[in-house]
Amino acid sequence: MTTFTDPYASSQETTEGRVYSVTGGDWDSLVTEIGATKEERVVLNMGPQHPSTHGVLRLVLELDGETITETRCGIGYLHTGIEKNTEYRNWTQGVTFVTRMDYLSPIFNETAYCLGVEKLLGITNDVTERATVIRVMMMEFNRISSHMVALGTGALELGALSPMIFAFREREKVLDVFEMVSGLRMNMAYVRPGGIAQDLPQGALSKIRQTIKELRHNFKDNEKLLVGNSIWIKRTQGIGYLDLAGCTTLGITGPVLRSTGLAWDLRKAQPYCGYENYQFDIPTTDSCDVYGRFLIRMQELEQSLRIIEQCVTKLEKLEGEPVMVADKKIAWPSQLSVGADGMGNSLNHIREIMGESMEALIHHFKLVTEGFRVPVGQVYTAIESPRGELGVHLVSDGGTRPYRVHFRDPSFNNLQATAAMCEGGQISDVIAAVASLDPVMGGVDR
Amino acid sequence: MSENGMFGAKGSGDTSGFGGLVNTSTNIGVTQRPFGSYFDQVADDLERAYPLFSDAIEKVVVDRGELTLFIKRDRLFDVAKILRDQLKFEMCIGISGAHYPSEVGRELHSVYSLLSITRNQRIRLEVCVSEKDSHMPSVVEVWAGANWHERETYDMFGIIFDNHPGLTRILMPDDWPGFPQRKDYPLGGIDIEYKGATVPAPSQRRSYQ
């Protein structure tokens with residue numbers, strides 16, 4: 001019998017027989033060499049169900065230890081095809097769709113869309129002042145409720161639980177106002193082409209005044225918890241850095257842009273809805289970091305309250321004015337009154353169309369079944385949403401349905417900054433950076 | 001402008017249900033100088049900064065207080081760079097697409113909204129390509145923020161942006177067939193039945209023109 005040495009498996013004789021092991025050859029030294037140059041590189045998949053990624057955002061992080069070397073975003077998990085769907089509904093029905101895009105700022109989606117439709121119709125200046133002031137008031141309330149979620153969840157994600165409780169308490173008060181005015185707390189479809197769905201109910205202004213007072217008082221709670229809090233500052237200061245050049249090339253707007261010291265706010269720069277007639281300031285910081293953005297949002301709450309107060313004063317003077325354009329070929333025919341069940345019928349309107357006026361019935365029928373025709377053309381309208389520039393690109397082919405509706409959602413655009421903000425930082429800071437962008441996936445994916 | 005279908009109804013609105021026979025187009029013509037507002041200034045500045053201006057511009061449209069420059073696709077990148085560097089349109093706010101099957105040879109449009117913070121102005125660029133050769137240059141090198149917008153436009157319309165750093169689908173799944181926002185792509189949906197009556201799916205309902 002000839003014996004030979006197996007180069008890959010050494011063997012030794014034992015009382016139990018021959019035992020082979022796999023540690024033969026020069027593998028030992030080879031493995032040591034691999035170990036010497038080994039990199040601890042981990043690809044971590046965060047999301048789409050991670051609680052701190054604001055819904056269904058997926059982040060793919062490449063880590064070297066705890067340091068992030070590469071970040072990628074995966075989006076599209078909440079894509080619902082709203083833009084396509086609106087092409088098969090009339091212009092008024094579009095409101096009900098677009099309000100569901102960025103679900104934390106429904107009034108902004110509706111207003112941006114309606115301003116676009118009105119521009120296409122050429123009735124921008126015919127929208128009544130009362131309707132415009134109510135729009136502004138609702139938008140600013142919405143800014144508060146949206147910022148409350150941004151601040152509350154942002155803090156929660158970094159481990160501060162109490163701010164969330166206070167923030168949602170305040171948000172609840174704002175949603176109560178929404179419910180009182182529109183009948184719904186979210187996705188109201190309240191702003192309509194040509195005006196708003198219905199006028200304020202009886203006693204709304206005094207309730208709103210009361211809410212302003214409560215909110216102003218309660219905002220201090222959150223301020224005390226976080227502003228100047230040393231742990232909060234350590235988690236947010238110098239984190240998620242993005243300077244003006246970065247913001248510009250990435251098209252970033254909103255609080256992130258204002259945290260670079262640039263006071264760019266469309267309400268001041270390119271006023272719409274009569275914002276030039278209101279007194280308010282644009283808070284800025286120049287720290288370019290998460291803490292700066294947090295401070296801006298905090299200060300914007302007070303500015304929104306200031307605007308709402310001015311709206312209430314204006315609305316008192318505009319009591320009884322119409323809230324829809326006079327043109328009966330565009331104005332949604334009924335003035336629904338809010339019943340005990342939230343929404344209701346307008347008995348006066350039914351009496352008119354069924355018993356009194358044939359023309360009113362025809363208008364009602366034509367508008368509700370077909371909708372109004374919008375002249376050929378395309379427009380782009382932009383407003384300042386809580387997250388930045390919310391733009392709407394509308395194309396009409398002259399029919400009763402939109403030819404193309406495109407929303408330039410600020411969350412979609414701003415998420416592109418994730419990599420710039422996170423790479424080179426620590427993994428725990430990703431959460432802070434993303435929270436400071438305040439992305440809402442409903443708006444990102446549409 | 002709409003051409004009228006078989007009953008010749010005009011203006012009154014056709015409630016016969018034959019509204020689907022009306023052909024429409026979204027062409028609103030060409031605007032000649034003076035454009036009004038700051039638009040002449042923008043055109044002048046661009047002309048001065050870019051010697052090939054007249055060759056690059058297909059047409060100019062001013063409508064509803066907005067300026068649209070139709071750019072030939074081969075010149076898009078140059079024009080974009082000059083608009084950013086010399087006319088200070090620092091931000092490409094977004095890119096939207098549109099599909100006009102009736103415009104044969106230039107069915108697919110990509111629409112760029114540009115914003116100048118320095119000058120507080122907005123303009124719009126529009127580039128048209130055909131379905132068969134749906135290539136146009138990417139402007140990601142000019143505005144990094146155009147990245148996702150171009151991906152979305154590719155995803156929805158199938159416009160291919162050459163030299164894009166990673167042109168993949170962004171909203172739809174990676175292996176999705178077709179381009180959902182094209183007009184020949186069906187909406188889908190099923191009929192709704194309620195107490196024996198059937199309401200057709202949205203895409204099957206009557207359309208009024």
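These legends go with three close-up views of a predicted model.

**View 1. Helices α12 and α17 of chain A cross each other.** Here we're looking at α12(A), which covers residues 290-317, and α17(A), which covers residues 427-437. Their axes come within 9 Å and cross at roughly 35 degrees, and the crossing is left-handed. On the α12(A) side, the residues making the contact are A:Val290, A:Arg293 and A:Phe294. Facing them from α17(A) are A:Ala432, A:Ala433 and A:Ser436. Sort the contact by class and you get 4 nonpolar residues, 1 polar and 1 charged.

**View 2. Helix α17 of chain A is largely enclosed by the rest of the structure.** That description holds because 9 of the 11 residues of α17(A) are buried. The buried set runs through A:Asp429, A:Val430, A:Ile431, A:Ala432, A:Ala433, A:Val434, A:Ala435, A:Ser436 and A:Leu437. Among them are A:Ala432, A:Ala433 and A:Ser436, the α17(A) residues that make the contact with α12(A). Just after the helix comes A:Asp438, and its phi is positive, near 55 degrees.

**View 3. Chain B meets chain A.** For this contact, chain B brings 38 residues and chain A brings 40. On the chain B side, β5 (91-99), β6 (108-116) and α4 (146-157) each put in at least two residues. The largest share there belongs to β5(B), with 6 residues. As for chemistry, the side of chain B that touches chain A splits into 18 nonpolar, 15 polar and 5 charged residues.

Notes: Residues are numbered from 1 along each chain as its sequence is written. Chains are lettered from A and ligands numbered from 1 in the order in which they are written. This is a predicted model: local features need pLDDT of at least 70, side-chain atom pairs count only at pLDDT 80 or more; totals for chains, interfaces and linings use all residues. Axes are lines fitted to C-alpha atoms, for helices over the stretch in contact, and angles run from 0 to 180 degrees between N-to-C directions. Helices (H or I, at least four residues) and strands (E, at least two) are DSSP runs, numbered from the N terminus. A crossing is left-handed if the near helix is turned anticlockwise from the far one by less than a right angle, and right-handed if clockwise. Two residues are in contact if their C-beta atoms, placed from the backbone, lie within 7 Å. Ala, Val, Leu, Ile, Met, Phe, Trp, Tyr, Cys and Pro count as nonpolar, Asp, Glu, Lys and Arg as charged, and the others, Gly among them, as polar. A residue is buried if 20 or more other C-beta atoms lie within 10 Å of its own, exposed if 12 or fewer, and partly exposed in between; C-beta atoms are placed from the backbone.
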